[in-house]
Structures are given as C-alpha cells and as structure tokens.
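Q: Please take a close look at a single part of this model and explain how that part is placed in its surroundings. A connected account for a newcomer would be welcome.

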Amino acid sequence: MCATSGRKGPREGLVACGPPPSPLWRRSCLCGPLDKHARLFFPLPPRLIRVMVVMMSVTDLFSVIQGSLTADQDVREEIRKVVQGLEQTAREILTLLQTVHQTSGLKDIPSKCQKAREHFNAVKVHLEELKTKFPPDQYYRFNEHWRFVLQRLIFLAAFVVYLESETLVTREAVAGVLGIEVHRDKGFHLDIEDYLSGLLILANELSRLALNSVTAGDYSRPLRISSFINELDSGFRLLNLKNDSLRKRYDGLKYDVKKIEEVVYDLSIRGLGKGDGPTEGKVAEK
Amino acid sequence: MQTIKSWFSSSSGGFRKRKHDNVQPRNRKEERESNINPSSPVLLSFKSFQKELDAKHDKYERLVKLSRDITIESKRIIFLLHRVTSISDIEELLNESEGKFGDVRLKIQQISQELIGEDTCQFHRAFSPGLQEYVEAISFQHFIRTRSLISLEEINRHLVFAPKKGEAENSEVLALSNSQDGKQKQLFCLQVTPTDYLLGVADLTGELMRMCITSIGNGDIETPFEVSQFLRAIYDGFTYIGNTGPYEVSKKLYTLKQSLGKVEDACYTLTVRGSEIPKHMLADVLSSKTSMSEHEEGI
C-alpha cells in the first residue's frame with residue numbers, strides 16, 4: 001500500500017456509501033510517479049468525500065427535475081383528454097354545417113345555424129373544464145394542445161355568423177360564442193393569431209360555398225361572397241405577417257379569392273348574376 | 001395517339017384562354033377594392049390587429065437580440081473559465097468571471113422587464129437559447145469552484161432582481177405599467193425552466209470534457225478523475241429522466257454519452273499507462289487516443 005494513512009478514512013467512507021470501485025481508488029494503489037502527483041494535487045482527503053456528496057446531490061437534483069417533468073406530463077395528459085372531447089364536438093358542428101353545400105341544405109340555413117349554436121353550448125362546457133386543468137398564467141405553455149381545435153372552432157363560429165348575417169364575426173363575438181375572454185389578462189383567451197387563422201379557414205370554405213351555391217341555382221350568393229372575401233383580403237393585406245404558419249395560410253387566401261372571382265366572372269358573362277352589378281356591367285362592356 | 005394529341009391541343013388552348021381570362025378579373029378586382037370603404041368595421045378592426053401583431057413581433061425581436069447577446073457573453077465567460085487549467089491563480093479568474101456574469105444578468109433583467117405583464121411562455125422560444133447558454137456558463141463556474149452541480153433553485157435565485165437594485169428603473173416601469181403594484185415582487189424575476197436547465201447542463205458536459213483533456217495536457221492528473229465521476233453522475237441523472245423529458249433532451253443524450261466516453265477513455269489511459277509514460281508526453285498519448293472520436297463531436 002502506497003497510500004498515506006490519511007487517505008484511509010475517506011476511502012472507507014466511500015465504500016460505505018456504496019459506490020463502485022472508482023479509478024480514483026485504483027489509481028492510489030498504483031505505484032510510481034502518478035501517486036506523487038496525486039499527493040501534490042490532491043492533498044485534502046475531505047475532497048474525496050465531497051465528490052461522493054456531489055454524486056448524491058446530482059441524483060437528488062435530477063430527481064427533482066424528473067418530478068417536475070412528470071407533473072408537467074400529467075397536466076398535459078389531462079388537457080389532452082378534454083381536448084379530445086372538444087374535437088369531437090367540433091367535428092359534429094362541422095358535419096352539421098357541411099350540409100349547406102347540398103342543395104337542400106342551402107335552403108335551410110337558419111335551422112342549421114340554430115342547431116350549430118346549440119352545439120356551441122357543449123363547447124362552452126368543454127372549454128370551462130379545460131380552464132381548470134392548468135394555471136391561468138401558463139396558457140402559452142400548453143397552447144399547442146388546443147391550438148388546432150380552437151382554430152377550427154373559431155372558423156365554425158365565424159361560419160355560423162356569416163351564414164346568419166353575412167358579416168365578418170368580430171373577435172369579441174367569437175369569444176362570446178366560445179365562452180372565453182378576448183384579452184390575455186382576464187384568463188383563458190382567444191389568441192389573435194388563432195382568430196386570424198380561423199378566418200382564413202372560413203375564406204377557404206366560402207370559396208367552396210360559392211361554387212356549390214351556383215350548382216344549387218343560387219346565383220346571387222357568389223357575388224356577395226366575393227365582396228366579403230375581397231374585404232377580408234384587403235384587411236389581411238394590412239397585416240405585416242412573420243414567416244410562420246399564419247403567413248403560410250394567408251398565402252392560400254389569394255387562391256380562394258381567385259376561385260371566387262372566376263365564379264363571379266362565369267356568372268357575369270352569362271348574365272346570371274342578378275341585380276346589383278357594376279362589375280357585371282363592366283364585364284359586359286368589355 | 002391522336003386522342004392524346006387532341007387532348008394536348010385542347011388543354012393548351014384552354015390554358016391560353018384561361019390566361020386571357022385572368023386579365024379581366026384583375027382589372028375588376030382593382031375596381032372592387034376601390035369600392036371597399038377604408039373605414040369599414042372590418043378594415044378598422046384589421047388595423048388594430050396590425051398594431052397588436054406588430055407590437056408582439058417587435059417585442060419578440062428585441063428578446064431575440066437580448067438572447068443573442070447573452071449567448072455571446074456566456075460563451076466568452078466559458079472561454080475565460082477554460083483558462084483555469086493553465087494558470088495558478090484561479091480565484092482571480094473566478095472573480096473576473098463573476099464580474100462578467102453581472103453584465104449577463106443585467107441583460108436577463110432587461111428580458112424580465114420586457115416580459116412584465118406578459119405570458120412568459122409565449123416568448124419563451126425567443127430567449128431560451130440565451131438562457132441555456134447562461135445555465136451552461138454558470139454551472140461551469142460553479143463546478144470549478146465547488147466541484148458540484150448547481151441546482152435549478154440556485155440559478156433562479158440569482159435571477160430574482162431585487163427592487164432595490166434597480167429602484168430607479170423599477171419605479172419607472174411601474175409608472176409606465178401602473179396598476180401593477182401587486183405584482184411588484186414578480187416583476188423582476190425570470191425563472192429558468194427545468195427543460196432549459198437540463199439542456200444547459202447537457203451542454204456543460206461538453207465543456208467539462210474539454211476541461212478534462214486540457215488539464216491532462218497540463219499535467220494535472222486529479223481533475224480528470226473528478227470530472228469523470230461528475231460526468232458519470234450527470235449521465236446517470238439523464239438516463240433516469242430518459243424519455244420523459246422533452247425531445248431535445250434525448251437528442252443531447254447522445255452527445256453526452258460521447259463526451260463521457262472520451263473522459264472515461266482518458267482516465268483509463270491515465271490509470272493503465274500513467275506510470276509508464278513521462279508526464280510531458282501524456283498529452284500526446286491521450287490526444288492520439290481521443291482524436292479518433294473527435295470528428296464525431298460537434299460543439
């Protein structure tokens with residue numbers, strides 16, 4: 001044994017802690033120049049103990065972190081359950097509203113909207129439940145779980161409002177339909193980017209509706225849709241969007257606009273668009 | 001063959017026709033736009049959306065810039081701390097780094113000021129790289145000082161900015177965002193999240209590996225063993241967390257294992273051949289051994 005007697009104590013301490021035999025231990029058993037260095041750089045036995053204490057504390061620290069991660073996962077699990085229910089309801093509303101694309105459904109819009117509004121009560125209940133699942137100041141931490149479904153719901157609410165009154169739903173009105181807040185500091189709120197995304201989905205749906213209403217023999221609707229979408233388009237053009245998902249979706253808006261323009265054009269050259277048509281007149285001139 | 005040809009010609013004809021069509025709708029569209037009343041409720045509300053979005057993006061950009069500054073400063077601190085292996089006066093170096101940490105914390109304080117009244121998680125992505133780098137630097141300093149891992153609470157304790165420190169700014173901010181008196185305590189703290197902490201610690205292991213190898217080059221044969229102990233403990237910790245952690249953590253685990261492998265390799269060589277090789281050649285022997293896996297590493 002070449003180790004000094006002063007080392008013995010701490011080494012026993014190490015073994016008592018139950019670590020695997022460390023290279024440190026083996027090293028001190030080696031003879032030769034290494035040991036001299038070891039004595040030079042490593043004069044304090046308590047340091048050995050400290051290394052062991054460190055190992056224990058590292059484990060402790062990591063178990064604390066593990067604890068918080070697990071808690072986080074539990075919260076996410078709870079949220080996911082509620083969001084599933086929410087998605088189910090959103091799908092039901094969508095199926096209900098999809099029927100306006102059929103000829104029979106187009107004639108029965110008020111009752112469809114009425115039914116959809118009843119479904120939104122279920123949505124309110126779900127969202128109420130969702131609010132209780134996480135601390136109110138951590139909205140954006142778990143945001144991505146309900147972001148998709150919330151955008152869908154905004155779209156559906158906007159669609160209902162459009163079908164009822166042919167106006168663009170305001171942010172406040174959507175929040176009212178969903179039973180949530182407009183501003184962040186008041187609780188579970190409606191994020192502005194989600195709202196805008198919802199409107200873009202609406203534009204897409206309306207471009208489809210324009211086609212189908214022509215098929216169903218309603219020739220005036222595409223004109224109204226066209227002016228609505230144009231207003232929406234010029235509204236969106238006021239925004240300075242970043243290169244994110246909203247921007248990507250906005251890039252699709254021009255195709256919806258174009259599609260509706262083409263429907264309007266087809267109607268105009270055939271003289272099918274009834275009544276108010278400065279546009280129709282223009283085209284006829286040309 | 002003929003049918004195909006006719007299909008082609010008709011389609012190209014249709015295309016040409018379509019192109020011609022497009023001219024007219026565009027003209028019409030411009031006219032239509034002039035018809036839209038610029039003070040219609042829709043456009044007015046979009047103007048307010050524009051303001052809201054711009055304010056948000058501006059804030060995000062400011063945070064990104066602060067985060068970049070923090071990253072750069074923290075990297076410099078780490079380089080500074082790597083010098084401990086080559087000089088004797090460690091205390092002076094640590095004090096110097098302490099001064100630099102003061103500057104970094106000032107930047108973090110600015111971040112926390114930006115976030116007053118905001119949801120921290122909303123902008124988290126903007127400043128989390130900077131915070132991770134900060135965690136890396138401060139835990140490295142802590143390791144050099146005490147040979148132990150700094151805890152998340154301790155890091156966060158440094159990031160609570162006492163009102164007395166920035167009394168002037170504090171009152172100014174309060175004046176700006178009046179009616180926030182109740183939140184005054186929270187105003188000046190920015191908490192590092194467990195994920196940022198984990199990622200920062202994972203980066204730390206790379207620095208420790210470098211420190212281990214350089215210290216061998218300087219003939220210090222005690223540090224490598226301490227570092228390997230410590231790294232093993234951290235590696236155990238990470239395996240304990242495993243895949244319950246976020247995705248980025250499991251990505252770092254691979255690099256961590258490589259670092260650990262290098263350090264363990266070095267310790268092995270020291271133990272086996274340390275007595276045979278003259279001290280001044282140790283570095284050469286080890287570097288030839290580690291260079292095999294060096295190219296896989298990307299710091």
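The request below concerns one helix, and the reply sets that helix in its wider context. Which residues of helix α8 (residues 171–178) of chain A are buried, and what covers them?

A: This is a predicted model, in which local features need pLDDT of at least 70 and side-chain atom pairs count only at pLDDT 80 or more, while totals for chains, interfaces and linings use all residues. Residues are numbered from 1 along each chain as its sequence is written, chains are lettered from A and ligands numbered from 1 in the order in which they are written, and side-chain values use heavy atoms, with hydrogens and water left out.

The setting comes first. Chain A contains 13 helices and 0 strands (DSSP runs numbered from the N terminus, with helices being H or I of at least four residues and strands E of at least two). Of its 286 residues, 47% count as buried; buried means under 20% relative accessible area, exposed means over 50%, and partly exposed lies in between, with a 1.4 Å probe and protein chains only. About 13800 Å² of chain A is exposed, and carbon and sulfur atoms supply 55% of that area (Shrake-Rupley method, 1.4 Å probe; for residues, only the protein chains shown count as cover). Among the contacts in chain A with a separation of 6 or more, 75% join residues 24 or more positions apart, a contact being heavy atoms within 4.5 Å.

Now to the helix itself. In helix α8 of chain A, which spans residues 171–178, the buried residues are R171(A), V174(A), A175(A), V177(A) and L178(A). These residues lie on the same side of α8(A), because they cover an arc of only 160° around the axis (taken from the directions from the helix axis to the C-beta atoms). Their cover includes three helices of chain A, namely α6 (109–131), α7 (139–165) and α9 (192–215), and also α2 (41–82) of chain B. After α8(A) comes G179(A), which has a positive phi, near 70°.

One of the buried residues, R171(A), carries a link to the other chain. R171(A) and E52(B) form a salt bridge, and their closest N and O atoms are 2.9 Å apart (a side-chain nitrogen of Lys or Arg within 4 Å of a carboxyl oxygen of Asp or Glu). This pair crosses between chains, running from helix α8 of chain A to helix α2 of chain B. R171(A) has a relative accessible area of 7% and is therefore buried, whereas E52(B), with 33%, is partly exposed.

Another of the buried residues, L178(A), belongs to the wider nonpolar packing. The largest nonpolar core has 74 residues, and those with the most contacts inside it are F120(A), W146(A), L178(A), L196(A), L199(A), F236(A) and F46(B). (Such a core is a set of buried Ala, Val, Leu, Ile, Met, Phe, Trp, Tyr and Cys residues joined through side-chain atoms within 4.5 Å.) Helix α7(A) gives the largest share of this core, 17 residues. From chain B, F46(B) is in contact with L168(A), L196(A), L199(A), L232(A), G235(A), F236(A), L238(A) and L239(A), leaving aside neighbours within four places in sequence. A second, separate core has 68 residues, including L63(B), L80(B), L152(B) and A233(B).

Two of the covering helices are themselves linked. R117(A) and E164(A) form a salt bridge with 2.9 Å between the closest N and O atoms. R117(A) lies in helix α6 and E164(A) in helix α7 of chain A, so the pair ties together parts that are 47 residues apart in sequence. R117(A) counts as partly exposed at 32% relative accessibility, and E164(A) is partly exposed at 39%. Over all chains the structure holds 30 salt bridges.

Chain B offers a further example of such a link. There, R145(B) and E98(B) meet in a salt bridge at 3.7 Å, N to O. Since R145(B) lies in helix α4 (residues 124–146) and E98(B) in helix α3 (residues 90–114) of chain B, the pair ties together parts that are 47 residues apart in sequence.

A helix in chain B is also numbered α8. That helix, residues 194–217 of chain B, contains T205(B), which counts as buried at 1% relative accessibility. Apart from residues up to four places away in sequence, T205(B) touches L231(B), I234(B), L256(B) and S259(B). S215(B) is also found in helix α8 of chain B and counts as buried at 1% relative accessibility. Beyond its neighbours within four places in sequence, S215(B) is in contact with T85(B), D220(B), T223(B) and P224(B).
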